Amino acid sequence: MIRVIFSIALALSMPNIPLTSVGDTQIKQNLATARKDELVWRYKIINGLLYKRLWNVTQNKWQNDNWILC
């Protein structure tokens, strides 16, 4: 009986604790943030001429269709 009374007194004396912890909130915020694509120029030489093409590192695909003469 003393344990039950002690548990109730302890529960009533504690401040209000939110249902979600700080770590959960940070994880949810990180998942909701939009990310900017990382783009880099790739170069190659064809028949002595320098060409470039835009590569999307984030999506692992080419951004443009053809190689562009520099």
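Contact here means heavy atoms within 4.5 Å. That definition comes up again and again below. The structure is a predicted model, in which local features need pLDDT of at least 70 and side-chain atom pairs count only at pLDDT 80 or more, while totals for chains, interfaces and linings use all residues. Residues are numbered from 1 along each chain as its sequence is written, and side-chain values use heavy atoms, with hydrogens and water left out.

To start with the overall layout, the chain has 2 helices and 4 strands. These are DSSP runs, numbered from the N terminus: a helix is H or I over at least four residues, and a strand is E over at least two. Read along the sequence, the pattern goes α-α-β-β-β-β. Of the 70 residues in the chain, 9% count as buried. Buried means under 20% relative accessible area, exposed means over 50%, and partly exposed is what falls in between, using a 1.4 Å probe and protein chains only. The chain exposes about 6600 Å², and carbon and sulfur atoms supply 60% of that. Such areas come from the Shrake-Rupley method with a 1.4 Å probe; for residues, only the protein chains shown count as cover. Among contacts between residues at least 6 apart in sequence, 8% join residues at least 24 apart.

Next come the strands β1 and β2. Strand β1 covers residues 39–46, and β2 covers residues 49–56. The two run antiparallel and are joined by 8 bridges; strands pair if DSSP finds at least two bridges between them. Together β1 and β2 make a hairpin with 2 residues between them. Asn47 sits in the loop between these strands, and its phi is near 55 degrees, a positive value in a residue other than glycine. Asn47 counts as exposed because its relative accessibility is 77%. A similar story can be told for Asn60, in the loop between β2 and β3. Asn60 is not a glycine either, yet it has a positive phi of about 55 degrees. With 56% relative accessibility, Asn60 therefore counts as exposed.

At another point along the hairpin, Leu39 stands opposite Asn56 in β2. Asn56 has a relative accessible area of 0%, so it is buried. Its side chain makes a polar contact with the side chain of Asp37 at 3.1 Å. A polar contact is a pair of N or O atoms within 3.5 Å; within protein, one must be able to donate a hydrogen and the other to accept it, and residues adjacent in sequence count only if both atoms are side-chain atoms. A polar atom of the Asn56 side chain also lies 3.1 Å from the backbone nitrogen of Gln59. Leaving out residues up to four places away in sequence, Asn56 touches Asp37, Glu38, Leu39, Lys61 and Gln63.

Gln63 belongs to the loop between β3 and β4. The side chains of Gln63 and Asn56 make a polar contact at 3.0 Å. Gln63 is partly exposed because its relative accessible area is 38%. Apart from neighbours within four places in sequence, Gln63 is in contact with Leu39, Leu54 and Asn56. Gln63 and Arg53 are 10 residues apart in sequence, and their C-alpha atoms are 7.9 Å apart in space.

Asn64 lies in the loop between β3 (61–62) and β4 (68–69). Asn64 is buried because its relative accessible area is 19%. The Asn64 side chain reaches the backbone nitrogen of Leu54 at 3.2 Å. Without its neighbours within four places in sequence, Asn64 is in contact with Trp41, Arg53 and Leu54.

Trp41 also turns up on the surface, in a nonpolar patch with Tyr43, Ile45, Leu50 and Ile68 that has about 510 Å² of accessible area together. Patches are made of residues with over 30% relative accessible area and no salt bridge; like charges are joined within 9 Å, and nonpolar side chains (Val, Leu, Ile, Met, Phe, Trp, Tyr) within 5 Å. A salt bridge is a side-chain nitrogen of Lys or Arg within 4 Å of a carboxyl oxygen of Asp or Glu. Strand β1 gives the patch its largest share, 3 residues. One patch member, Ile45, has a relative accessible area of 64%, so it is exposed. Ile45 and Leu69 are 24 residues apart in sequence and 9.5 Å apart in space, C-alpha to C-alpha.
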